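This report describes a single protein chain in terms of its confidence, its strand pairing and its internal spaces. Please keep the sequence and the structure in view while reading.

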Amino acid sequence: MPADKQKHADLEARALELVLECQRAVTNDESALLAFKSRSPQHAQALDRAQQFLQLSRQVTPPARTIWSSLSYAIELQWARWSETRLSLAAPVALAASMVVAIIMVLNINAPDETALAQQAISPAVLQDYDTGWRERRNVTLQDGSSVWLDWRTSLRTEIGPDSRTVFLDRGTAAFKVVSEPDRPFFVISGDVQTEVTGTEFLVSRQSDEQLEVAVLEGQVIVSATNQGQQPINKEQVVKIENGFIGKVESRPADEIGQWRDGMLVFNGRPLLDALSRIQPYTRYALDTRQIADHPGEVSGVFFIDQADEALFAILQTHRIEYAVKDGNRLRLQQASLSRP
């Protein structure tokens, strides 16, 4: 072997040995590496190449092949170091000894990392998309066994991984019945609002880009918003989040929270504007309620979702609300004036 190639092989073999020794050491003392690197640009290059190889071999190759990839590289360097020499007996003996040392070092350095690498390789995240259209409700079972009810015109994405379970609610309303796994929390993210739970039954309704509602049927969830801290929500409690701010936590009976899954909306003394916002997604109309924002009325009753248009006009008539039709399907609501004979 030419002298320059022999010198290059020696440098790389020594660099690999130093890196392996340093990673095996309990103290993680890198002084030997720094001293080797500072000797010349060639020493620094050889050290960088050895470090990059060992790092990439663990990230790219499966655990079972990581050992043999590193071992093959070590043997290749050792062979380049001692082959083509004039020593007929010393070279094979030295090569055999160095191969044994390389095997021991490579096996020792890879063993602690194999469990974590195996978990990453065996448990990739499962990604799914779910959507419903107009007048469509759907019940799906996620990869972890949790179930989700999707209301009309709802769109969500799921990412079930080995460490966490995440649902992205892009539109509509979804009710969740989560399988309890304390070590793998369940998150529902909608806009800038995050709902966290380990095992419970709750729903999230994205009423607009700025407004969200979270309600709990069983257990507890933790709601986090961008402009506020965290807020726990317990059984039969509801909270609205608007423009990143968490509103007042209110109590609400379970039948009001989850009855939509059976095709009904139940109101028991619900403020008028709340009732209108809840029924509006099932109608053909967009409601402009700015002129009745301070209306004190309340709504009670059971309304069928499939007859939402009729229910809407019945509520407006009961509370003496007039409307003007704009742009085909937009209703501008206002309080009717009292007329006297």
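## Basis of the description

Two strands are taken as paired if DSSP finds at least two bridges between them. The model is predicted, and its confidence is therefore treated before the details of pairing and empty space.

## Confidence along the chain

The mean pLDDT of the chain is 80, and 73% of the residues reach a score of at least 70. Among the elements of the chain, strand S3 has the highest mean pLDDT, 97, whereas helix H6 (residues 114–122) has the lowest, 44.

Two stretches call for caution. Over residues 59–69 the pLDDT stays under 50, and the model has 14 contacts beyond four places in sequence for this stretch. Over residues 84–122 the pLDDT likewise stays under 50, with 37 contacts beyond four places in sequence. Where pLDDT is low, the predicted coordinates should not be read in detail.

## The pairings of strand S5

Strand S5 (residues 165–177) pairs with strand S3 (residues 147–150) in the antiparallel sense, over 4 bridges. In this pairing Val-148 has Phe-176 of S5 as its bridge partner. Strand S4 (residues 155–160) is also antiparallel to S5, and 6 bridges join the two. Here Glu-159 is the bridge partner of Thr-166 in S5. S4 and S5 form a hairpin, with 4 residues between them.

S5 pairs further with strand S6 (residues 186–190), this time in the parallel sense and over 4 bridges. Arg-165 has Phe-186 of S6 as its bridge partner. With strand S8 (residues 201–206), S5 runs antiparallel over 6 bridges. Ala-175 is matched there with Leu-203 of S8. Strands of a sheet pair through backbone hydrogen bonds, either parallel or antiparallel.

## A three-stranded open sheet

An open sheet of 3 strands has the order S16-S19-S18, with mixed pairing. Strands S16 (286–288) and S18 (321–326) stand at the edges, each with a single partner strand, so one side of each is left without a neighbour in the sheet. From one strand to the next, the twist averages 30°.

Within this sheet, S18 and strand S19 (residues 330–335) run antiparallel and are joined by 6 bridges. One of the matched pairs is Ala-324 with its bridge partner Arg-332 in S19.

## Enclosed cavities

How many cavities of 30 Å³ or more does the structure hold? There are 3 of them. The largest cavity contains about 70 Å³ of space. Its lining consists of Leu-203, Glu-213, Ala-215, Val-238, Arg-252, Glu-256, Ile-257, Arg-270 and Arg-278. Strand S9 (211–218) and helix H7 (254–258) each supply at least two residues of this lining. By class, the lining has 4 nonpolar and 5 charged residues, and no polar ones. Leu-203, in the lining of the largest cavity, is also the bridge partner of Ala-175.

The second largest cavity contains about 50 Å³ of space. Among the residues that line the second largest cavity are Asp-255, Trp-260, Met-264 and Phe-267. H7 and strand S15 (264–271) are the elements that give two or more residues to this lining. The largest share comes from S15, with 5 residues. The lining divides into 6 nonpolar, 1 polar and 4 charged residues. Glu-256, Ile-257, Arg-270 and Arg-278 appear in the linings of both the largest and the second largest cavity.

## The largest pocket

About 750 Å³ of space lies in the largest pocket. Of the 28 residues that line this pocket, Gln-207, Ser-208, Ser-277, Gln-280 and Pro-281 are the closest to its centre.

Which element gives the most residues to the lining of the largest pocket? Helix H8 does, with 5 residues. The elements that each supply at least two residues are S5, S8, strand S12 (237–242), helix H8 (272–279) and S16. The lining of the largest pocket has 7 nonpolar, 10 polar and 11 charged residues. The pocket thus brings together S5 and S8, which pair in the antiparallel sense, and S16, which stands at an edge of the open sheet.

Key:
Residues are numbered from 1 along each chain as its sequence is written. This is a predicted model: local features need pLDDT of at least 70, side-chain atom pairs count only at pLDDT 80 or more; totals for chains, interfaces and linings use all residues. Side-chain values use heavy atoms; hydrogens and water are left out. Axes are lines fitted to C-alpha atoms, for helices over the stretch in contact, and angles run from 0 to 180 degrees between N-to-C directions. pLDDT is the predictor's confidence in each residue, from 0 to 100. Contact means heavy atoms within 4.5 Å. On a 1 Å grid over the protein atoms alone, a cavity is a set of points where a 1.4 Å probe fits but cannot get out, and a pocket is an open set with protein on both sides within 12 Å along at least five of seven lines; lining residues have an atom within 4 Å of a point. Grid points are joined across faces, edges and corners, and a volume is the space filled by probe spheres set on the points. Ala, Val, Leu, Ile, Met, Phe, Trp, Tyr, Cys and Pro count as nonpolar, Asp, Glu, Lys and Arg as charged, and the others, Gly among them, as polar.
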